[in-house]
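User: Please take a close look at one part of this structure, the empty space inside it. Describe what lies around that space and how the surroundings are built.

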Amino acid sequence: MREMTSAMARRTALAAQGLASAHPVTERGASTRAVHKVIGNNRLLQIDSVSVLVRAHYAPVFSRVGSYDRGVIDAAAWTDTARKPRTLVEYWAHEAALIPVEDWPLMRWRMELYQHGRWSGAKTVLERSPTLVDDVLDVIADRGPSSAGEIERALETPRPGRKGPWWDRSDVKIVCEQLFAAGVVSVATRAAFVRHYDLTERVVPSHILSQRIDEADAVRTLVAHSALALGVGTEPDLRDYYRLSSKQTKTAISELVEAGTLEQVAVKDWGAPAYLHTDARTPRSVRGAALLCPFDPMIFFRPRVERIFGFHYRIEIYTPQHKRVHGYYVFPFLLDGELVARVDLKGDRARSELQVLGAFVEGERDASVIADRLAPVLRELAGWLELETITVGERGDLVSALAVAM
């Protein structure tokens, strides 16, 4: 069995994610081709409702290519298919995610798994309102892309009981999400980040919709995608990328090793067998600087982050404010192949400010060196988000050096 040092494995992983070299900074920004290359390499962009800085699905592309037109992703995912072919589609991949539309058939086994409910609440609603599914589908078929609220108003469905916080959904919303999970409807477009559902046959191209791939073949392809996106990874790493089961992943890995797609390797200090994609490359060095969104594929599986970088990372959005250590929406700062700092960021549109609420050095590193490399990344980020100024707060042992560097 081939052996790899942990440093080699880290460089391999960064190269696979497109984070092994600095991107050029130009006035025009990255090309459409560069954006699609990132999507092709990573195979998914996680979607999340948090918008304290920028929506999660836009951030990983910026980390890899710098400034670019976010409309490229919007057009790929939520375009009018009558005018332009769709290249991205929403589904449950890692979590809710944008995936290449050609990968949609690879998820059909999961749609069948969710046929009667992705969670128990859906079953309760369907039992309580057995005709609601047909009623919702009739509205969508007649009206075209519609939000749950629009469908609800079309049905004049009362909202029973007191409605509480954001997770308390109406029956119509639950049915829409259930139909989405089962692949009956898809997301045609979004407005103010609200899903507008349409019949799947009007969203997914017919030649893709007609493909039938059995579960074993689909899972094997998904694991191969994971391995190529990660470069090298353990079985849990490969499993987590598409949230597969251990049984599914282990079988697929065995078959991919036998086929020569994966090679089992021993990575020093990893403490578990690892699998290297045969197309992965291991650069001699890694250069460049990037801020990584909490939902970036490079870091969204926290045990892998700790194993590769020795970096303990937890998102603190759901932690009470007085218990937060680093902040609400903290971006790890990647510098020349290491995670060297944490930066709590917020975009204040009303003030047109990129706010650095806190900045923290990781380990025993030189704050001034980190600040000098972080400052231009923040300037590019502010420019991309069309924020006129950058303000630096007072929390953390990096803020003083960063204020000087800015």
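Analyst: His23, Phe62, Ser63, Ala289, Ala290, Leu291, Val377 and Glu380 line the second largest cavity. The model is predicted: local features need pLDDT of at least 70 and side-chain atom pairs pLDDT 80 or more, while totals for chains, interfaces and linings use all residues. Residues are numbered from 1 along each chain as its sequence is written, and side-chain values use heavy atoms, with hydrogens and water left out.

A cavity here is a set of points on a 1 Å grid over the protein atoms alone where a 1.4 Å probe fits but cannot get out, and lining residues have an atom within 4 Å of a point. The second largest cavity holds about 40 Å³, where a volume is the space filled by probe spheres set on points joined across faces, edges and corners. Its lining takes at least two residues from each of H3, strand E10 (289–291) and H15. Helices (H or I, at least four residues) and strands (E, at least two) are DSSP runs numbered from the N terminus. E10 is the main contributor to this lining, with three residues. These are Ala289, Ala290 and Leu291. By class the lining comprises five nonpolar, two polar and one charged residues. Ala, Val, Leu, Ile, Met, Phe, Trp, Tyr, Cys and Pro count as nonpolar, Asp, Glu, Lys and Arg as charged, and the others, Gly among them, as polar. The charged residue is Glu380, and the polar ones are His23 and Ser63.

The search of the whole structure finds two cavities of 30 Å³ or more. The largest has a volume of about 50 Å³. Around it are Leu53, Val54, Ala59, Phe62, Ser63, Leu291, Cys293, Phe331, Leu381 and Trp384. Phe62, Ser63 and Leu291 therefore line both cavities. Helices H3 and H15 (367–384) each give the largest cavity at least two lining residues. H3 supplies the largest share, three residues, and H15 contributes Leu381 and Trp384. Nine residues of this lining are nonpolar, one is polar and none is charged. The polar one is Ser63.

H3 also takes part in the lining of an open space. A pocket is an open set of grid points with protein on both sides within 12 Å along at least five of seven lines. The second largest pocket encloses about 580 Å³. Of its 28 lining residues, Ala15, Gly18, Lys37, Val38 and Asn41 are the closest to its centre. Two or more lining residues come from each of H1, helix H2 (32–42), helix H3 (59–65) and H11. H2 gives the most, with six residues. The lining of this pocket consists of 13 nonpolar, eleven polar and four charged residues.

Two of the helices on this pocket, H1 and H11, also meet each other. The axes of H1 (residues 6–16) and H11 (residues 215–230) come within 6 Å and cross at roughly 110°. Axes are lines fitted to C-alpha atoms over the stretch in contact, with angles from 0 to 180 degrees between N-to-C directions. H1 and H11 are therefore roughly perpendicular, a word that covers 65 to 115 degrees. Thr12, Ala13 and Ala16 of H1 touch Leu228, Ala229 and Leu230 of H11, contact meaning heavy atoms within 4.5 Å. Five residues of this contact are nonpolar, one is polar and none is charged; the polar one is Thr12.

Terms used
Angles under 35 degrees count as roughly parallel, over 145 as roughly antiparallel, 65 to 115 as roughly perpendicular and the rest as oblique.
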